[in-house]
Amino acid sequence: MAVGSIDAWAAHADGVQRLLTSYRAIPAGATVRLAKPTSNLFRARAKSTAPGLDVSGLTGVIEVDPQARTADVAGMCTYEDLVAATLPYGLSPLVVPQLKTITLGGAVTGLGIESTSFRNGLPHESVLEMDILTGTGEIVRASADENPDLFRAFPNSYGTLGYSVRLKIELEPVKPFVMLRHLRFHSVNELVESMDRIIETGGWNGERVDYLDGVVFTADESYLCLGTQSATPGPVSDYTGQQIYYRSIQHASGEKHDRLTIHDYLWRWDTDWFWCSRAFGAQNPGIRRFWPRRFRRSSVYWKLIGYDQRFDIADRIEKRNGRPPRERVVQDIEVPIENTAAFVDWFLDTVPIEPIWLCPLRLRESTSSAGGWPLYPIRPQHSYVNVGFWSSVPIGPEEGYTNKMIERKVSDLAGHKSLYSDAFYSREEFDELYGGEVYTTAKKTYDPDSRFLDLYAKAVRRQ
């Protein structure tokens, strides 16, 4: 039996109507954008004085069906709210991105990833159907069978083909606890080989692995973090207080064991925005003690980043201390698993950022055989590893010097990078990597008057 209400569907219909009204109020020829208070994008964007689309009525979970293991969700619903609605039924989205304020629609039109991606792929692969506001001002239903060209081109289009107003997604059963094993490696190559075996077998030393990611601190200190669901009650750790999750991973050798509730496991990275909270002093014990727990979350750190970008606080501090400005290097890239050690070794030798995050992924068999995802083409039946690094480096001889080096290296290793942050590709390179003619055809079909920005203009030109 579906758990929802007539009121929830009516409220959703009212939210869609407000969205359409706001669309029609925007002058013909003006660029259409969302009006929303939060963002998880890290690329600079041109200032706009135009009114945005009203998405205020599209922020909730409409219905959960525990028997069918599906949920109908508004496009601007955060994963924090989505997880809160599904966990009481012992269910979870197939992939829950690491930060609470990432929206379901954002993770689908962009890219999301997490430690279930080695078995569940990417968030858009669990979407059964979507209702999308296109550039024509219409709500279009898209699925594998209905408008399949839009369904396939929507992932990684970043709102340039339209905005999802409702998504029907698959859910999977979860148990109340996650048992963790942190495996220490003294060689990145050895870590990658072990990761590959886990992906292929689904287990480690005879035990099932439900969650898999890793952290590299240095060339001779890296870890795989293996999670296994459990229904057995018992003591659990808490990394929302004084203890810091990524520091808990570290140990001298062998295996280290830990245990979290499923809720705290899903949000284990959010309290400290992985390790980025250290930039604000939040990992200093003297400061952390007085930093309210409710403010230890990625959305608060993101607001601080916003203030920095607005007022150039960090660059002013560097200048006052006699140092040049710094280049922001905030990226997630994917390379085939056989090229992962080569990329990580190059990165450790070239870019002064640590730690870095590793998250394996593999397209789901059920979706990769149905036509793939042309705007982010990765090979079916092949393992990739997401490498995430988020910090800044001394500025180079030209704008984006380090980011450009990373782009070249990723391309050399047959990889891609996510487009949520700064990109410097030429138009030709970009089209080759991110859909080219498929995107152009979908754009002409669903946004013929270019009411939304072009993907290259949005991702690279930062319009």
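Where is Pro355 found? Pro355 sits in the loop between α12 and β17 (356-361). The model is predicted, and in it the peptide bond from Glu354 to Pro355 is cis, with omega near -10°.

**Around Pro355 and helix α12**

Pro355 is among the residues touched by Val216. Val216 belongs to strand β13 (residues 211-218) and counts as buried because its relative accessibility is 1%. Leaving out residues up to four places away in sequence, the contacts of Val216 are Val188, Glu221, Ser222, Val344, Leu348, Pro355, Ile356 and Leu358. The C-alpha atoms of Val216 and Pro352 are 13 Å apart, although these positions lie 136 residues apart in chain numbering.

Thr340 is part of helix α12. With a relative accessibility of 0%, Thr340 counts as buried. Its contacts, again without residues up to four places away in sequence, are Val192, Val335 and Val385. For Val385, the C-alpha to C-alpha distance from Thr340 is 6.6 Å, at a sequence separation of 45 residues.

**Nonpolar cores**

In soluble globular proteins, nonpolar side chains tend to be buried together. The largest nonpolar core here has 83 residues, and the members that touch the most others are Trp269, Trp357 and Phe430. A second core, separate from that one, has 36 residues, including Leu183, Val209, Trp346 and Leu358.

**Two helices**

Helix α14 (residues 401-412) has 12 residues and should span 16 Å at 1.5 Å a residue; its end C-alpha atoms are 17 Å apart, so the two values agree. The buried residues of α14 are Thr402, Asn403, Met405, Ile406, Glu407 and Val410. The elements that cover them include β16 (326-336), α12 (340-350), β18 (384-394) and β19 (416-417).

Which residues of helix α16 (residues 436-446) are buried? They are Gly436, Tyr439, Ala442, Lys443 and Tyr446. These residues lie on the same side of α16, because they cover an arc of only 135° around the axis. The face turned away from that buried side carries the exposed residues Glu437, Thr441 and Lys444. Cover for the buried residues of α16 comes from elements including β7 (127-134), β8 (139-143), α5 (148-153), α15 (427-433) and α17 (455-459).

**Positive phi outside glycine**

Ala414 follows just after α14 and has a positive phi of about 65°. This residue is in the loop between α14 and β19. At a relative accessible area of 48%, Ala414 is partly exposed. Asn156 also is not a glycine and takes a positive phi, of about 75°. The loop that holds Asn156 runs between α5 and β9 (162-173). Is Asn156 buried or exposed? Asn156 counts as buried, since its relative accessibility is 0%.

**Buried polar residues in strands**

Gln229 is in strand β14 (residues 221-230) and counts as buried at 10% relative accessibility. What does the side chain of Gln229 reach at 2.9 Å? It reaches the backbone nitrogen of Lys175. The side chain of Gln229 also makes a polar contact of 3.1 Å with the side chain of Tyr211. Apart from neighbours within four places in sequence, residues in contact with Gln229 include Arg119, Pro173, Val174, Phe177, Val178, Arg208 and Asp210.

Ser92 lies in strand β6 (residues 91-93). Its relative accessible area is 4%, so Ser92 is buried. Not counting residues up to four places away in sequence, Ser92 touches Thr86, Leu171, Glu172, Val174 and Leu266. Val174 is thus a contact of Ser92 and also of Gln229.

**Cysteines**

The disulfide count comes to zero. Cys225 is in no disulfide, and the nearest cysteine sulfur, that of Cys359, is 11 Å away. A disulfide needs sulfur atoms within 2.5 Å, so this pair does not qualify. Cys225 is buried, and so is Cys77.

The table lists the relative accessibility of some of the buried residues.

| Residue | Relative accessibility |
|---|---|
| Cys77 | 0% |
| Ser92 | 4% |
| Asn156 | 0% |
| Val216 | 1% |
| Cys225 | 1% |
| Gln229 | 10% |
| Thr340 | 0% |

Definitions and conventions: Residues numbered from 1 in each chain as written. Predicted model: local features only at pLDDT ≥ 70, side-chain atom pairs only at ≥ 80, totals over all residues. Heavy atoms only, no water. Core = buried A, V, L, I, M, F, W, Y, C linked by side-chain atoms within 4.5 Å. Buried < 20%, exposed > 50% of the residue type's maximum accessible area, 1.4 Å probe, protein only. Helix = DSSP H or I, 4+ residues; strand = E, 2+ residues; numbered from the N terminus. Polar contact = N/O pair within 3.5 Å; in protein donor to acceptor, adjacent residues only side chain to side chain. Contact = heavy atoms within 4.5 Å. Expected span 1.5 Å × (residues − 1). Arc of directions from axis to C-beta.
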